[in-house]
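Me: I should like to learn how to read the features of a protein model in order. May we take one example and work through it together?

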Amino acid sequence: MSTNRKYILDAPAASKKLERMAYEMAEALIGTKEPIILAGIKDNGVVMARLLSRLIHEIAGLKSEIIEIGLDKRHPTTISLSQELNFSNRTIVLVDDVTNSGKTILYALQPFLAHHPEKIQILTLVERTHKAYPVKADYVGISLATTMQDHIYVTVEGEQVTGAYLE
């Protein structure tokens, strides 16, 4: 880890946060008949979705399917999905590393709404308190009050979340 970065989560802390959120998900979603759809926003959200899929299966035997959502976080006009599934009557958990204004999450929801899912939930590792859109995460690793000039970055290596830092 670079010493000039202000880390708010190191790898062990991020791992604990993800494990706690997996337990919360397992508790809330136990009894779901169809596999849960974990929709990870590229790239870090996909890594988190894979980790969560493994954890909720280990914890509660919950089955899940992972899809990747591709979009430009600054200007999310075109949203792509790694695969088309039938989302009707399914539980979808949208997974992202950091929520700021809520804009990315709001746009990422669009492909699912025409299918009438049973439930859509949001999971984020780091939630900032600068909401411009009416989006609230159901599962939050850590919530921070920051200035608008601060930026939070989540780092991953391979299939592991290695930390989050403030810049």
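Me: Is His116 buried or exposed?

Reply: The model is a predicted one. Burial is judged from relative accessible area, and a residue over 50% counts as exposed. His116 has a relative accessible area of 60%, so it is exposed. This residue is found in the loop between helix 3 (103–113) and strand 6.

Me: What is the phi of His116, and which residue in the loop between strand 4 and strand 5 has a positive phi?

Reply: Backbone angles are read residue by residue. His116 has a positive phi of about 60° although it is not a glycine. Asn89, also not a glycine, has a positive phi of about 55°. Asn89 is found in the loop between strand 4 (80–81) and strand 5, and its relative accessible area of 56% makes it exposed.

Me: Where is there a cis peptide bond?

Reply: Here the angle to read is omega. The bond joining Lys42 and Asp43 is cis, with omega of about -5°. Asp43 is in the loop between strand 2 and helix 2.

Me: How many helices and strands does the protein chain have, and in what order do they run?

Reply: One lists the elements from the N terminus on. There are 3 helices and 9 strands, in the order β-α-β-α-β-β-β-α-β-β-β-β.

Me: What does the radius of gyration say about the protein chain?

Reply: The value is compared with that expected for a globule of equal length. For 167 residues a compact globule would have a radius near 15 Å, and the protein chain has 15 Å, which agrees. Along the principal axes, the C-alpha trace spans about 45 × 35 × 25 Å. Of the contacts with a separation of 6 or more, 67% are between residues 24 or more positions apart.

Me: Which residues have the most contacts inside the largest nonpolar core?

Reply: In soluble globular proteins, nonpolar side chains tend to be buried together. In this chain, the largest nonpolar core has 32 residues, and those with the most contacts inside it are Met25, Leu123, Leu125 and Val126. Among the elements that give two or more residues to this core are helix 1 (11–29), helix 2 (44–60), strand 5 (91–99) and strand 6 (119–128). Apart from this core lies another, of 18 residues, including Ile92, Leu109, Phe112 and Ile122.

Me: Which residues is Leu123 in contact with, leaving aside neighbours within four places in sequence?

Reply: Sequence neighbours are set aside in such a list. For Leu123, the contacts include Met21, Met25, Met48, Leu52, Val93 and Tyr139.

Me: Is Leu9 buried or exposed?

Reply: The cut-off for a buried residue is under 20%. Leu9, at 3% relative accessibility, is therefore buried. Leu9 belongs to strand 1 (residues 6–10). Beyond its neighbours within four places, Leu9 is in contact with residues including Ala14, Leu125, Val126, Ile142 and Ala164.

Me: Where is Thr129, and which residues does it touch?

Reply: Location and contacts are read side by side. Thr129 is found in the loop between strand 6 and strand 7. At 47% relative accessibility, Thr129 counts as partly exposed. Not counting residues up to four places away, Thr129 touches Ser143, Leu144, Ala145 and Thr146. Thr129 and Asn100 are 29 residues apart in sequence, while their C-alpha atoms are 6.9 Å apart in space.

Methods:
Residues are numbered from 1 along each chain as its sequence is written. This is a predicted model: local features need pLDDT of at least 70, side-chain atom pairs count only at pLDDT 80 or more; totals for chains, interfaces and linings use all residues. Side-chain values use heavy atoms; hydrogens and water are left out. Helices (H or I, at least four residues) and strands (E, at least two) are DSSP runs, numbered from the N terminus. The radius of gyration is taken over C-alpha atoms; the globule rule is 2.2 Å times the number of residues to the power 0.38. Contact means heavy atoms within 4.5 Å. A nonpolar core is a set of buried Ala, Val, Leu, Ile, Met, Phe, Trp, Tyr and Cys residues joined through side-chain atoms within 4.5 Å. Buried means under 20% relative accessible area, exposed over 50%, partly exposed in between (1.4 Å probe, protein chains only).
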